[in-house]
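A reader who meets a protein model for the first time may wish to be led through it in stages. The following account offers such a path.

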Amino acid sequence: MAAFISRLVHCRIGTKSPRPNDNDNTNDSLTSVEENSRQEQRRHKVDTSQPQFTWRAIVVGLLFGTVLCFSNLWFGLQSGWISMMSLQSSLVGFAVFKAFERVLDIPFGPAENVVLQSTAVATATMPLAGGFVGILPALKMLSGEEAGDARTVLNYGQLCAWGLGLTFFGVFFAIPLRRQTIVREKLRFPSGTATAQMISVLHKRPDPTMDDEVREPLVVAAQVDGASVSDSEGTETAEGRRSASSPNEEPPAADADADATAVDDVKWATKLLTLLGAFILSGTYALLAHFFPIVSALPVFGTRLSHEWAWNLMPSLSYAGQGIIMGLPTCVWMLVGSIVGWGVLSPLAKNEGWAPGPVSDWKDGSRGWILWISLAVMISESVVSLGLVGAKELYLLYLRIRRWTSHSSSRDNFSKQQQEQPQDLHQQQHQQQQEDEGDEQRDNAGLLDDDAADLNKQGETDTPVVREKDSDEVDPRFLVPGWITWGGLGASTVLCMVIVKALFSVPMYDTLIAVALALPLAVLGVRALGETDLNPVSGIGKVSQVVFAGVMPGNLVGNLVAGGIAEAGAQQAGDLMQDLKTGHLLNASPRAQFSGQIIGSVFSVFVTAGAYLLYTKVYPIPGPQFPVPTAQVWLDMARLVNGHPLPPHVWPFIVAFAALFFALPIGALVLLGRRGSSTVRIGGRPFRTATVQRWWPSGIAFAIGIYNTPNFTLMRAIGAIVTAGVTEIIVARDNKRLEASPPTAAAVDGSGFNKANQREALLRRKIGMMAIILASGFVLGEGSFSFFILLSQAFSS
């Protein structure tokens, strides 16, 4: 295995070449060696001056990814929440190597950090990609009559085989999508871009999302531990900016006039202490909740609401941390869903006798009744989102075909004219050659300018329409070879077919259909992820379940397996595409990232399988500690598409909420779709387009608020609200202090940019980084301590 990976990577580890000092006047005359090195780097777009694939980055990524995997499995079984944690992986990985930087022969560089976080993410997300928090518990919940002769409970070896059957084909399929979505179309992939910006800040590199021509006039004063900081608009700090050549070099002296707008960052020691303190506090809560279970369900709304309607407060710092990571808009819509579901619909169903059982019962209680509304919202929004992406792709294909036919017709007409008027043959050939070259460029772009204008009028949003040629593609030696991509996709498909046949007696041709259906759905999911940062994996799985209700009618096991295959393909492909976007912005080797993804995925299969067995041994699943709501969603969908009836009187509510969240994405496209407009008018008042997009209703968040009990949602909302409030208080006080200080000549720089506004953006970035550190400690603390508690219970029993 190691030999194969080493051969695959084939990336030489080189020492880091020093960069010229920004303040050195001799920079204007670079040596020929430096100039040749820069030309070589521009040619292949991979920074060969720094290590790419290293085993030290892989090992740290695997270790931290394992901790994240345990946390994700814990929270996934509890509430269905899984996080990539790419930002946290890059941050913690950098902190680990920073602690040992004095003994490292080769400095830890950004390309290594990219590989580290790719490995950690692949390891961390296996609980979702492998179906350990959804499909496998749903199989276990099937009745004997529903399961028939199929196996529903797997031992360790069978769990590992199942994970290996799902873990590869999505990764291999993502590689061909990279060139179209990242290199040519330059889709945003917001999480991948944010991770690249985080890594560039940590390693004292300029903002990778900006061109050199744009970056320089936007330089403002700030200091982040001696490193440059980029705000959300892509501006970079100048005073306190260190040369990228040496981490020990002192920053250039700042102008006195610029001191009022400088932002001093928190020292690294304080950051690490914050992470450790949050980890310990959250772990302490986990211990208290284990020995005193009453702590996890505080009846803050009264005894009646607590006992009868499941309205409790669980003061878990980990869920507060999740809220910080999710952000205020997502948590607000999650809270709205919880209020509508558990505060309105649940009492309505119970009091009307539509759900006569206990409120928390999945089968006869109002919890199971409102779950159908949650399922309808998720499917509706996912289907319309995928439909909009698919419709756009079909329209782009139509425009390409129209352009190609027009191009062919023009060639035929020219040939005819050439035969009739040979006297100006040389001049016409030269003119036609120039036209053909321009047409070829437009063909590579996919659209003509007028076609792009037509598409813009129809509401095209953030995706660039006129695609560039492959000028930004890296040298082939840093790409994954085609024989590995397509051979691996074929081999992984066969492996999936064989394993599913052996485990669940599903015919191989049905599994082949499931994989063939999963791949185009993964394409739509990747495109949606690149444009909106939302990978609708749940909706993709449900679409596959609907299709397989016709392929394998009455086979609930096969239906669940088919949905799991589709979800795994979309999840793995989406995760790798986010990582590849990060690597593309930071000039990292795609081949090295692919290797880290494969290593992390394989390693995580065995780790997750063992952890899942421990959970099922110690805790009843489903049970009070782990209600596995996503498993119930999968199971209800499988039953519905195979003819099981809906609960009484839920159908009108399903239609109403599905229609609402079907219309909302279309409304967003109509209202916010015009490119180039920074504001939008709602009710006669202007609003920033970015703000409206950020606060636009999220169907997925709304649905999660319904199928999770309120105790999970409340702490997430509290975490997000408190963080947003503290941020605004700090910013307001800083602005008031700045207004009270005497004005300086540096208030507006030579480019006309207001440095006070840039200071506020940098201050928000600083607060945001500290919030991420705090939230990471909260999430990792409870997840890690809970797993240690699990181990102690497993070995003591």
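The paragraphs below pass from the chain as a whole to a helix pair, a cavity, individual residues and the backbone of certain loops.

The model is a predicted one. The secondary structure of its protein chain comes to 30 helices and four strands. The chain has 797 residues, of which 53% count as buried. Among contacts between residues at least 6 apart in sequence, 79% join residues at least 24 apart.

A helix pair may be considered next. Helix 3, which covers residues 55–79, and helix 5, which covers residues 110–124, have axes that come within 7 Å and cross at roughly 30°. The crossing in which helix 3 passes helix 5 is right-handed. On the side of helix 3, the contact is made by Arg56, Ala57, Ile58, Val60, Gly61, Leu62, Gly65, Thr66, Leu68, Cys69 and Asn72. Helix 5 meets these residues with Glu112, Val115, Leu116, Thr119, Ala120, Thr123 and Ala124. Sorted by class, the residues of this contact are ten nonpolar, six polar and two charged.

Two residues of this contact, Cys69 of helix 3 and Thr123 of helix 5, are also touched by serine 604. Serine 604 has its place in helix 24, a helix that spans residues 590–618. Its further contacts, leaving aside residues up to four places away in sequence, are Ala122 and Met126. Between the C-alpha atoms of serine 604 and methionine 126 the separation is 6.3 Å, although their positions lie 478 residues apart along the chain when counted as sequence distance. Is serine 604 buried or exposed? Serine 604 counts as buried because its relative accessibility is 0%, and the cut-off for a buried residue is under 20%.

Another serine, at position 90, is found in helix 4. Serine 90 likewise counts as buried, at 0% relative accessibility. Residues up to four places away in sequence being left out, serine 90 touches Asn113, Gln117, Thr195, Met198, Ile199 and Leu202. Of these, Asn113 and Gln117 have numbers that fall within the range 110–124 of helix 5.

Helix 4 leads on to the internal spaces of the model. A search of the whole structure finds eight cavities of 30 Å³ or more. The second largest cavity holds about 60 Å³ of space. Its lining consists of Leu91, Val92, Ala95, Trp268, Lys271, Leu272, Leu275, Ile773 and Ser776. Which elements give two or more residues to this lining? They are helix 4 (86–99), helix 13 and helix 30 (755–796). Helix 13 gives the most, with four residues. By class, the lining has seven nonpolar residues, one polar residue and one charged residue.

Threonine 274 also has its place in helix 13, which runs over residues 268–291. Apart from residues up to four places away in sequence, threonine 274 touches Met770, Ile773 and Leu774. Ile773 is one of the residues that line the second largest cavity. The C-alpha atoms of threonine 274 and alanine 775 are separated by 9.8 Å, and the two residues are 501 residues apart along the chain.

A further pairing concerns helix 26, which covers residues 651–672 and contains alanine 668. Alanine 668 is buried, with a relative accessible area of 16%. From C-alpha to C-alpha, alanine 668 and proline 697 are 9.4 Å apart in space, and they are 29 residues apart in sequence.

The backbone of the loops remains to be described. Most residues other than glycine have a negative phi, and most peptide bonds are trans. Serine 505, in the loop between helix 20 (482–504) and helix 21 (508–532), has a positive phi near 60°. Serine 505 is exposed, because its relative accessible area is 55% and the cut-off for an exposed residue is over 50%. Asparagine 587 lies in the loop between helix 23 (556–585) and helix 24, and its phi is likewise positive, near 60°. With a relative accessibility of 23%, asparagine 587 counts as partly exposed. Beyond helix 24, a cis peptide bond joins isoleucine 621 and proline 622, with omega about 0°. Proline 622 has its place in the loop between helix 24 and helix 25 (629–641).

How values were computed. Residues numbered from 1 in each chain as written. Predicted model: local features only at pLDDT ≥ 70, side-chain atom pairs only at ≥ 80, totals over all residues. Heavy atoms only, no water. Contact = heavy atoms within 4.5 Å. 1 Å grid on protein atoms, 1.4 Å probe; cavity = no way out; pocket = protein on both sides within 12 Å on 5 of 7 lines; lining within 4 Å. Points joined across faces, edges and corners; volume = space filled by probe spheres on them. Nonpolar A, V, L, I, M, F, W, Y, C, P; charged D, E, K, R; others polar. Axes fitted to C-alpha atoms, helices over the stretch in contact; angles between N-to-C directions. Left-handed = near helix turned anticlockwise from the far one by under 90°. Buried < 20%, exposed > 50% of the residue type's maximum accessible area, 1.4 Å probe, protein only.
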